[in-house]
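Hi,

Here is the structure I promised to pass on. Have a look at it first, and my notes on what turned up follow below.

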Amino acid sequence: MLAMQHYNSSGVIAPFPLSNQTPTVQETEVEAVSSNATGSANNPTAAGLSMTLGILFNVVALIILAKAYSRYRRRSKATFLLLASSLIATDLAGHVIPGALVLRRYSVHTQGSTDDSVSTFRGDPENPDASCLFLGGCMVFFGLCPLFLGCAMAAERCLGVTKPLLHARLVTTARTKMALALIWLLALCVALLPYFSLGAYTYQYPWTWCFIRVVEGTRDTDLAFVIVFSGLALSSLASAFVCNTISGITLVRARLKKKKPCFQRSSAGSQDTEMVVQLVGIMVTSCICWSPLLVFALMSATKSYSGMLDSDRDTFRGLMVTGVRMATCNQILDPWVYILLRRAVLRKIYRITKRRASFKGSTFRSVRWEISSFQTSEKSSVNNI
């Protein structure tokens with residue numbers, strides 16, 4: 001999915017001319033749009049580089065998670081690491097598979113003739129090819145999975161923080177793996193809805209990626225599909241927010257009691273704090289990256305279905321491109337959230353910050369001492385005179 005964010009920076013295409021214009025002008029503008037769309041595919045180097053970096057970041061995060069999983073024996077921590085590893089692995093797959101399909105589409109059209117029509121580049125919106133159907137399904141599947149996993153991680157931590165005994169009795173590795181399978185199955189079922197005539201996938205501007213039909217020719221089934229997709233995604237974000245809020249409040253209350261627990265409880269509390277901080281980071285990242293696409297898709301589908309999108313079609317095309325670019329950033333930011341918000345990294349940052357603050361404080365005190373010493377010596381010399 002990440003590869004799509006770099007391909008077209010030329011902006012939204014100009015609307016096609018009205019019917020009262022001459023055919024010569026229409027053909028000229030069609031050729032200009034076609035050359036613009038085809039020319040944007042001539043340089044996939046930046047997209048390939050960003051895709052490589054994204055793969056590298058996710059692999060590094062997976063290695064760190066694997067080492068942490070083998071090190072920690074505490075059940076709640078192991079469960080969290082298993083869910084986090086599944087999240088990063090899903091992000092990695094969602095980064096590679098759709099990105100490879102988009103790069104393949106660009107390479108195919110780069111090798112083709114530049115005189116092809118716009119309709120050839122866009123494909124048939126009523127009968128998209130198999131690669132478009134697969135790419136659209138990947139967009140929905142790999143879009144829902146990280147949000148479902150983030151919600152599951154937040155619910156697991158909320159139970160572990162508020163009801164640790166119940167968590168120890170209910171949450172096991174086998175049940176966690178079963179929950180992961182159900183999450184992936186639910187996302188797959190939603191992605192396969194167009195194959196059962198509920199909604200449809202079609203090429204989206206700039207005709208290099210596929211998604212639900214929300215801008216042009218939106219039908220009642222497409223609107224229902226968008227509502228299901230966006231509703232599940234937004235509900236997952238809202239549920240994660242509630243669970244993380246409850247976990248955070250519980251941890252803050254525990255700290256404010258000012259009790260001195262034993263070493264094991266203190267270590268467990270610090271691990272809970274670390275996991276909740278990481279979950280908050282993942283939740284904030286997902287909200288920022290995915291909310292625009294979900295909201296734009298709902299707005300576009302609603303307006304297109306009601307016939308109110310004709311004058312704003314190009315605007316919503318641009319908004320959908322912006323939304324998918326932001327959504328693709330989620331797969332590259334998730335591993336960095338986990339890597340940077342670990343206790344070891346936060347301790348180093350705290351020590352460096354504290355060292356610099358103490359250095360500035362000592363420097364300020366030494367300068368103030370020198371000034372006061374100078375003033376004292378000056379007064380004594382005056383008194384001697």
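Before the notes, one definition: I call it a salt bridge when a side-chain nitrogen of Lys or Arg sits within 4 Å of a carboxyl oxygen of Asp or Glu. Also keep in mind that this is a predicted model.

With that in hand, take arginine 317 and aspartate 314: their closest N and O atoms are 3.4 Å apart, so the two form a salt bridge by that cut-off. Both residues belong to helix H10 and are three residues apart, about one turn of the helix. Arginine 317 is buried at 7% relative accessibility, and aspartate 314 is buried as well, with a relative accessible area of 17%. This pair also has company: through shared partners, salt bridges join Glu216, Asp314 and Arg317 into one network.

How many salt bridges does a search of the whole structure find? It comes up with four. One of them is between the side chains of aspartate 222 and arginine 213, at 2.9 Å from N to O, and both of those residues are buried. Another joins arginine 157 and glutamate 156, at 3.1 Å from N to O. Are those two buried or exposed? Arginine 157 is buried with a relative accessible area of 0%, and glutamate 156 counts as buried at 7%.

Now the aromatics. The whole structure has five aromatic pairs. Among them is phenylalanine 57 with tryptophan 336, an edge-to-face pair with 5.0 Å between the centres and 70° between the planes. Phenylalanine 57 is in helix H2 (residues 45-71) and tryptophan 336 in helix H10 (residues 313-340), so this pair ties together parts that are 279 residues apart in sequence. Tryptophan 336 is partly exposed, at 32% relative accessibility.

Tyrosine 201 and phenylalanine 225 make another edge-to-face pair, 5.9 Å centre to centre with 65° between the planes. This one also links distant parts of the chain, 24 residues apart: tyrosine 201 is in strand S1 and phenylalanine 225 in helix H8 (residues 220-256). Tyrosine 201 is buried, with a relative accessible area of 1%, and phenylalanine 225 is buried too, at 0%. Elsewhere, ring pairs bring Trp209, Phe211 and Phe229 together in a cluster.

Next, the surface. There is a nonpolar patch made of Met178, Leu182, Leu185, Leu188, Leu192, Tyr195 and Phe196, and together these residues have about 740 Å² of accessible area. Leucine 192, one of its members, is in the loop between helix H7 (173-191) and strand S1 (201-204). Leucine 192 is partly exposed, with 32% relative accessibility.

That loop between H7 and S1 also holds serine 197, and here the backbone is worth a look. Most residues other than glycine have a negative phi. Serine 197, although not a glycine, has a positive phi of about 70°. This serine 197 is exposed, at 60% relative accessibility.

The other surface patch I want to point out is one of positive charge, where Arg347, Lys348, Arg351 and Arg355 gather. Arginine 347 is in helix H11 (residues 343-384). With a relative accessible area of 46%, arginine 347 is partly exposed.

Last, two buried residues and a C-alpha distance for each. Cysteine 145, in helix H5 (residues 130-162), is buried at 0% relative accessibility. What is the C-alpha to C-alpha distance between cysteine 145 and aspartate 91? The two are 8.6 Å apart in space, with their positions 54 residues apart in sequence terms. Tryptophan 290 is in helix H9 (residues 263-305) and is buried, with a relative accessible area of 2%. Tryptophan 290 and threonine 328 are 38 residues apart in sequence, and their C-alpha atoms are 8.6 Å apart.

Over to you now.

Cheers

Conventions: Residues are numbered from 1 along each chain as its sequence is written. This is a predicted model: local features need pLDDT of at least 70, side-chain atom pairs count only at pLDDT 80 or more; totals for chains, interfaces and linings use all residues. Side-chain values use heavy atoms; hydrogens and water are left out. Patches are made of residues with over 30% relative accessible area and no salt bridge: like charges are joined within 9 Å, nonpolar side chains (Val, Leu, Ile, Met, Phe, Trp, Tyr) within 5 Å. Accessible areas come from the Shrake-Rupley method with a 1.4 Å probe; for residues, only the protein chains shown count as cover. Lys and Arg count as positive and Asp and Glu as negative; His and the chain ends are not counted. The place of a charge is taken as NZ of Lys, CZ of Arg, CG of Asp or CD of Glu. Helices (H or I, at least four residues) and strands (E, at least two) are DSSP runs, numbered from the N terminus. Buried means under 20% relative accessible area, exposed over 50%, partly exposed in between (1.4 Å probe, protein chains only). Rings of Phe, Tyr and Trp (its six-membered ring) pair if their centres lie within 6.5 Å; planes under 30 degrees apart count as stacked, over 60 as edge-to-face and the rest as tilted.
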